[in-house]
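Student: I would like to go through this structure with you. Can we take the labels one by one and test each against its cut-off?

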Amino acid sequence: MFANVAPNEARQKKKQRFRASTTTLLFPPRGARAPRRAHVRPVARAAMTFEKAFACAMCGARARMTCGGCAGFAYCAEACLRSHWASGHAEACARVERDVAATAAVRAAHDVDALAWWRVAVVHVDEGLATACDALGECHGVGAFRRECGCFRRVPFGSLPQNAADDDDDALEGLFLNGHTPTLERRATKTTTGDVGAVPARTWLEMYARLGFAKTSRAALVFSAAATTVAFCEKTLLAKQERRGIANGDGRDGGLVIHVIGAEKELDQASYFAWFLSRAWRGEAFRESIARDVEVHMVGPEVPRGFTPVERRSGDDESNAPRVTVYGHRGLYHDVIHATLTSESRGTLLTAPDVIVCPDAGIAAFTSWVPTIDVILRSGAPAVVTDLTAEAARLAAKIWRSRAALFSATRECVSAFGSDAYSVALNPFRRVMSARGNDTQAPTYANGFGFQWVPGVGVEPL
């Protein structure tokens, strides 16, 4: 059959025929070798990753090829490519391919390209032409921005010393408003007082307008978790009011309780987090329709022992802005809840949450999330979950739905929502800086993609 073909060529043709006759689940598409540069990004990315080349998605060694299907992951050898394919990438390859193809659209989605520093933080950092330190500009190493680059990565979360300006509203406004004028401040105060709580912000630009931030402000680099919390609280609590038929002026009597699970860098930004919430919810519209005061409980293994509660109120007018208090609780969420319920000295965490926020959760990567999800489902509180990539968020949504299906009270609402277990969306309040490392080529952003869990509705996109 191969009489006129050299032995090596005959073997190659035989192997190709065999591959064509077998399923792709057994043999992943061959990756592009590094010398061809078909799917390999420029070496300039070493400026951000501190590596000479992409790392293997399986073992971390220097990568020599990428997945020939999605080009989203790199590998050091075909053995690692096959191992990753067999471990689940075969089922996800087509989705990751769509994610990689949408890179340019994701970069500018929700009009974030209107921010003056957007190109450096998103495009240049993503391409390896700039570092996170470059994107921070004059804010580098200042206050809450200290956790937005790798310069303080060796300092444990919650251990950064507080600056004298952290409790100074004037200093905070100078840091975040960045070029605002008295006219802009009056316009922002009027908008906040009149409409906040009635019209939730849908993009960073709308949030900037409400808070009085100029487009040169780098607030979108540090307040992603806080802005996601504000938007989700307004969306879910106002929807709950509409379902219950609450009229104007007949709002909540108690305060708003928020649980933030898996807090890390938020611990060093607790004062800023509280200031952001208080400033975003200034005005009688919020205080009358949603809450008078706000409790934020940050829970996670990174919370330092003896965390000192932080209390903030934006501005000097106590009647205009809610008081926001941030507490810290060390440990996994389900363990902390159990310990608090069984303790003789019952702590503040016993207050039932109105909203639960899980920033950059990593549910698919940590099995410890399973009992935590069960506790959240039993609480009956709505929750929002975000992750770095769309595929990580999809896997988290699938796990969440599988746990919800085990609870008889939620089976009906889960099945009624539909059969799509991957209902996630790009978060409009993602951190506007690329977080893509050297192990993937899919769009990666802190709080970048996620879903929300609403009791009685199910898992749905943000």
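Tutor: We start with the ground rules, then take cysteines, helices and cores. This is a predicted model, where local features need pLDDT of at least 70, side-chain atom pairs count only at pLDDT 80 or more, and totals for chains, interfaces and linings use all residues. Residues are numbered from 1 along each chain as its sequence is written, and side-chain values use heavy atoms, leaving out hydrogens and water.

Student: How do you know that Cys 76 is in no disulfide?

Tutor: A disulfide is a pair of cysteine sulfur atoms within 2.5 Å. The nearest cysteine sulfur to that of Cys 76 belongs to Cys 59, 3.5 Å away. So Cys 76 is in no disulfide. For Cys 93, the nearest is that of Cys 67, at 3.8 Å, and again there is no disulfide. The count comes to zero.

Student: What makes Cys 93 buried?

Tutor: Buried means under 20% relative accessible area, exposed over 50%, partly exposed in between (1.4 Å probe, protein chains only). Cys 93 has 7%, so Cys 93 is buried. Cys 76, with 16%, is buried too.

Student: Why are H3 and H16 called oblique to each other?

Tutor: The axes of helix H3 (residues 78-101) and helix H16 (residues 390-404) cross at roughly 135°. Angles under 35 degrees count as roughly parallel, over 145 as roughly antiparallel, 65 to 115 as roughly perpendicular and the rest as oblique. H3 and H16 are therefore oblique.

Student: Which residues of H3 make the contact?

Tutor: Ala 92, Arg 95, Val 96 and Asp 99 of H3 meet Ala 390, Glu 391 and Arg 394 of H16 (contact means heavy atoms within 4.5 Å).

Key:
Axes are lines fitted to C-alpha atoms, for helices over the stretch in contact, and angles run from 0 to 180 degrees between N-to-C directions. Helices (H or I, at least four residues) and strands (E, at least two) are DSSP runs, numbered from the N terminus.
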